[in-house]
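Good morning, colleagues. I should like to take you through one structure today, beginning with its turns and then moving to its sheet, its core and its charged pairs.

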Amino acid sequence: GGITIAELFSKKKSYEGKTTRIKGQIVRYSNDILGKNWIHIQDGSEYEGNYDLTVTTNQNVNVGDTVVFEGEISLNKDLGYGYVFEVIMENAVLK
């Protein structure tokens, strides 16, 4: 299923700009914001208080689903209006 959220956050620089696969449970789903679906996944792992990964995708999912996403990792993504993501997976697809 890929790496853990803890591994991603602990080695985030090494994943920047790379396509990465991660498995987790959907804990939050927001449909069609800025032309994308915004998802928060968790996998039970944690690194320095980071246990939740934001994922953008065009695919639809349900809260509670366990999924494997593959997408590109971006760091310090600033969307303006105070929305800054230390780590985010973008343009993810379900695997």
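In the hairpin formed by strand 1 and strand 2, two positions matter for the backbone: there are 2 residues between the strands, and Leu34 takes a positive phi near 55 degrees. Please bear in mind that this is a predicted model. As a reminder, most residues other than glycine have a negative phi. Just before that turn, Asp32 also has a positive phi, of about 55 degrees, although it is not a glycine. Asp32 belongs to strand 1, which covers residues 19–33. Asp32 counts as exposed because its relative accessibility is 55%, and the cut-off for that class is over 50%.

The second hairpin is made by strand 4 and strand 5, again with 2 residues between them. Here Tyr81, in the turn, has a positive phi of about 55 degrees. Asn76, which is found in strand 4, has a positive phi of about 50 degrees and is not a glycine either. With a relative accessibility of 54%, Asn76 is classed as exposed.

Residues from these regions also appear together on the surface. Ile33, Leu34, Leu79, Tyr81 and Tyr83 make a nonpolar patch of about 630 Å². Leu79 lies in strand 4, residues 66–80, and is partly exposed at 31% relative accessibility.

Let me turn to the sheet. In what order do the strands close into a barrel? There are 5 of them, the order is 1-2-3-5-4, and the pairing is mixed. On average, neighbouring strands of this sheet are turned by 45 degrees against each other, direction ignored.

I shall go through several of the pairings individually. Strand 1 and strand 2, the latter comprising residues 36–42, run antiparallel and are joined by 6 bridges. Within that pairing, Ser30 stands opposite Trp38, and Tyr29 has Ile39 as its bridge partner. On its other pairing, strand 1 meets strand 4 in the antiparallel sense over 7 bridges, where Gly24 is partnered by Val67.

Strand 2 continues to strand 3, also antiparallel, through 5 bridges; His40 and Thr54 are bridge partners there. Strand 2 is mostly covered, with 5 of its 7 residues buried. Strand 4 and strand 5 are paired antiparallel over 9 bridges, and Lys77 stands opposite Phe85 in strand 5.

Now to the interior. Which residues have the most contacts inside the largest nonpolar core? That core has 19 residues, and the residues in question are Leu8, Ile22, Ile41, Leu53, Val55, Phe69 and Met89. At least two core residues come from each of helix 1 (5–10), strand 1, strand 2, strand 3 (53–57), strand 4 and strand 5 (83–94). Strand 4 gives the most, with 4 residues.

Finally, the charged pairs. In general terms, side chains of opposite charge can pair when their charged atoms come close. In this model the count comes to 4 salt bridges.

One of them joins Glu86 and Lys12, at 2.4 Å from N to O. This pair links distant parts of the chain, since Glu86 is in strand 5 and Lys12 in helix 2 (residues 12–15), 74 residues apart. Glu86 is partly exposed, at 35% relative accessibility, and Lys12 is partly exposed too, at 25%.

Another is between Lys95 and Glu70, whose closest N and O atoms are 3.7 Å apart. Lys95 sits in the segment after strand 5 and Glu70 in strand 4, with 25 residues separating them along the chain. Lys95 counts as exposed at 52% relative accessibility, whereas Glu70, at 22%, is partly exposed. Together with Arg21, these two residues are linked in a network of salt bridges.

The side chains of Glu90 and Lys77 meet in a further salt bridge, at 3.3 Å from N to O. Glu90 is in strand 5 and Lys77 in strand 4, 13 residues apart. Is Glu90 buried or exposed? Glu90 is buried, because its relative accessibility is 11% and the class requires a value under 20%. Its partner Lys77 is partly exposed, with a relative accessible area of 29%.

Thank you; I welcome your comments.

Notes
Residues are numbered from 1 along each chain as its sequence is written. This is a predicted model: local features need pLDDT of at least 70, side-chain atom pairs count only at pLDDT 80 or more; totals for chains, interfaces and linings use all residues. Side-chain values use heavy atoms; hydrogens and water are left out. Patches are made of residues with over 30% relative accessible area and no salt bridge: like charges are joined within 9 Å, nonpolar side chains (Val, Leu, Ile, Met, Phe, Trp, Tyr) within 5 Å. Accessible areas come from the Shrake-Rupley method with a 1.4 Å probe; for residues, only the protein chains shown count as cover. Buried means under 20% relative accessible area, exposed over 50%, partly exposed in between (1.4 Å probe, protein chains only). Two strands pair if DSSP finds at least two bridges between them. Axes are lines fitted to C-alpha atoms, for helices over the stretch in contact, and angles run from 0 to 180 degrees between N-to-C directions. A nonpolar core is a set of buried Ala, Val, Leu, Ile, Met, Phe, Trp, Tyr and Cys residues joined through side-chain atoms within 4.5 Å.
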